Amino acid sequence: MKLRHLITLTVCVIVITPMTLFWAWPYSKALDSQVEEVSQKHLVIAKNLSATFERYYQDITSLFSIVDQQSTTQINSSEFSALLASYKFTEITQIDENGNVKSCLFTARLSCPQQINQDIVSLAMDTLQGQSIKLSTVTEDSSINSGPILLVVKRNNQGILLAYLSTEYIIEMGKRVAFGEKGHAAIIDQAGNVLAHPLDSWIQERKNIVQISAVSKMLEDKTGVEKFYSPALKGDMIAGYTHVPNANWGVMVPQPIKELEDKAKTIDETAILVMLLGLGLALLITIPVSFILINPIENLSRVIKSIEKGETNVDLQWKLSKIIPKEIRDLKESFSNMMNTVETNKKEISKLAYYDANSGLPNRNYFYRLAHTAIKNMPKLNHKGALIFIDFDGFKTVNDTYGHRVGDELLFRFGQRLARHLSFNPEHINTVELLKTPPKVIPARLGGDEFVVLLQDIQHKTAVEELIKQLFKTMFSKYSLSEGLELTLTGSIGISLFPEHGHTYDELMKSADVAMYKAKSAGKNCMYFSEPTD
């Protein structure tokens, strides 16, 4: 039996039963579906917030460690003061155990106090652990109306290094999470005191909510989803919760269950309304319209079968009759958009598989495959080549001084400048075809601050030397980064030649690596050619 005949025969029976079938799907299932969806979403949001605060904690402790190692002049520089202010430090002092201020290293106010509030000193002493940097529970210096702050403390040779860290950043991040009518984020410190919450009064009084079961579990370093009663909103909530590992904070993303119940009820009522309207319309037009609708469905079926066979050049340009309903037209358009999206996603996935996300250059695995093919083909083409191994000088200092965000930006700027200098544009290159016929110049990032360039069809060592001299001028110079930061980058380069220094990828890479370290030993910011193998 053909589809058009089957539709004509069966739709007449089906249209009289939807209401019966609908009531077989109770309201509770709609609510369960909403709860399951929200549980997953809220837990993902909580984990993302946790990752953000973990990075913030690492940046704070790293920056504080730098403060402990810098001179007062360096700390008081406008650049360093701006960096401290950007991380919401409001005051950094060197004190003794009685709270006497021995030196004021940084303040966002007009002047530092001579004596620290005794309550603050007591909390700082309770927070200290050995020589490590620690963050206290949320507090407030009542003598200066500081508002909610965290104490960052460390014991050093001069006594106690004490910083006031405003919770403004944490509050701001918490307020960015808002959905539904009352869905929000709540962040608590290691004692269960509120750091961020929709109720400003709870933030100001640093309300302790450890009695909430989800909060207790966060403080036990647990992650999950839980239902509980909220004193703030006076109702049952469902929340995804997790913890911030090193800071020992808790992150909770709750939403009133009543909102989910209302949404499920709306879905239920809307479905009934649509079903009633559909029933009336279907009874009037099913038989004649079924003959009109079957043609586009058959065309769509044909396209799907072509895609199943692996065909990519499918025809989506078939025309629809003017009387075809908008839904069918939208279906065709959505399917066409879906195919475009699939193709776009395939390209993006391919890019992620073959290219380094930070620098935009080929990654280690892709470079290995390209280099392996190129080295294999060079003897056949009577070509010579060179492998250039690039390593930054002092890149760890950049990360330690300015944070990994600046380091990542520097890697990105270097990768983009290297690609432009070598006229390498991955946007216009077919990654699969490239594996068959690698380009004459292949730059890549191996990882960290290590970059490589494979050159093909290089006949003379002098040509390599000239290229690297130009590379030094272009790449190892000043870089303008975000927030007005400027850094001058230098690097060391090791070069191995094919076939003089090796006949395989591993041999060339090893020789270039050794040459690079010799360049560093020679004083850095220079190049060094590998010595020929026996």
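**Salt bridges, a buried aspartate and internal cavities**

R55 is partly exposed, with a relative accessible area of 37%. The model described here is predicted. R55 forms a salt bridge with D59. The closest N and O atoms of this pair are 3.8 Å apart. Both residues belong to helix α3. They are 4 residues apart, which is about one turn of the helix. The two partners fall into separate accessibility classes. D59 has a relative accessibility of 17% and therefore counts as buried, since buried means under 20%. R55, at 37%, is partly exposed because its value lies between the limits of 20% and 50%.

Side chains of opposite charge can pair when their charged atoms come close. In this model, the count comes to 20 salt bridges. One of them joins E168 and K88, with 3.7 Å between the closest N and O atoms. This pair links distant parts of the chain, for its members are 80 residues apart. E168 is in helix α7, which covers residues 168–175. K88 is in the loop between α5 (78–86) and β1 (89–95). E168 is partly exposed, and its relative accessible area is 43%.

Another salt bridge connects D400 with K396. Here the closest N and O atoms are 2.7 Å apart. D400 and K396 both lie in helix α13. Their spacing is 4 residues, about one turn of the helix. D400 is partly exposed, with a relative accessible area of 38%. K396 has a relative accessibility of 59%, so it counts as exposed, the cut-off being over 50%. Salt bridges with shared partners also join D391, D393 and K520 into one network.

D141 gives a contrasting case. It sits in the loop between β3 (134–135) and β4 (149–156). D141 is buried but has no salt bridge. The nearest side chain of opposite charge belongs to R109, 6.5 Å away. A salt bridge requires the nitrogen and the carboxyl oxygen to be within 4 Å, so R109 does not form one with D141. The side chain of D141 does make a polar contact with the side chain of S143, at 2.5 Å.

The interior was also searched for enclosed space. The count comes to 3 cavities of 30 Å³ or more. The largest cavity holds about 90 Å³ of space. It is lined by 14 residues, and those closest to its centre are H184, H197, I212, F228 and S230. Strands β10 (224–230) and β12 (249–256) each give two or more residues to this lining. By class, the lining has 11 nonpolar residues, 3 polar residues and no charged ones.

The second largest cavity has a volume of about 60 Å³. Its lining consists of D59, S62, L63, I66, L83, Y87, D400, T401, Y402 and G403. Two elements give two or more residues to this lining: α3 (27–69) and α13 (395–402). The largest share, 4 residues, comes from α3. The lining divides into 5 nonpolar, 3 polar and 2 charged residues. This cavity leads back to the salt bridges, for D59 and D400 are among its lining residues. D59 is the partner of R55, and D400 is the partner of K396.

How values were computed: Residues are numbered from 1 along each chain as its sequence is written. This is a predicted model: local features need pLDDT of at least 70, side-chain atom pairs count only at pLDDT 80 or more; totals for chains, interfaces and linings use all residues. Side-chain values use heavy atoms; hydrogens and water are left out. On a 1 Å grid over the protein atoms alone, a cavity is a set of points where a 1.4 Å probe fits but cannot get out, and a pocket is an open set with protein on both sides within 12 Å along at least five of seven lines; lining residues have an atom within 4 Å of a point. Grid points are joined across faces, edges and corners, and a volume is the space filled by probe spheres set on the points. Ala, Val, Leu, Ile, Met, Phe, Trp, Tyr, Cys and Pro count as nonpolar, Asp, Glu, Lys and Arg as charged, and the others, Gly among them, as polar. Buried means under 20% relative accessible area, exposed over 50%, partly exposed in between (1.4 Å probe, protein chains only). Lys and Arg count as positive and Asp and Glu as negative; His and the chain ends are not counted. A polar contact is a pair of N or O atoms within 3.5 Å; within protein, one must be able to donate a hydrogen and the other to accept it, and residues adjacent in sequence count only if both atoms are side-chain atoms.
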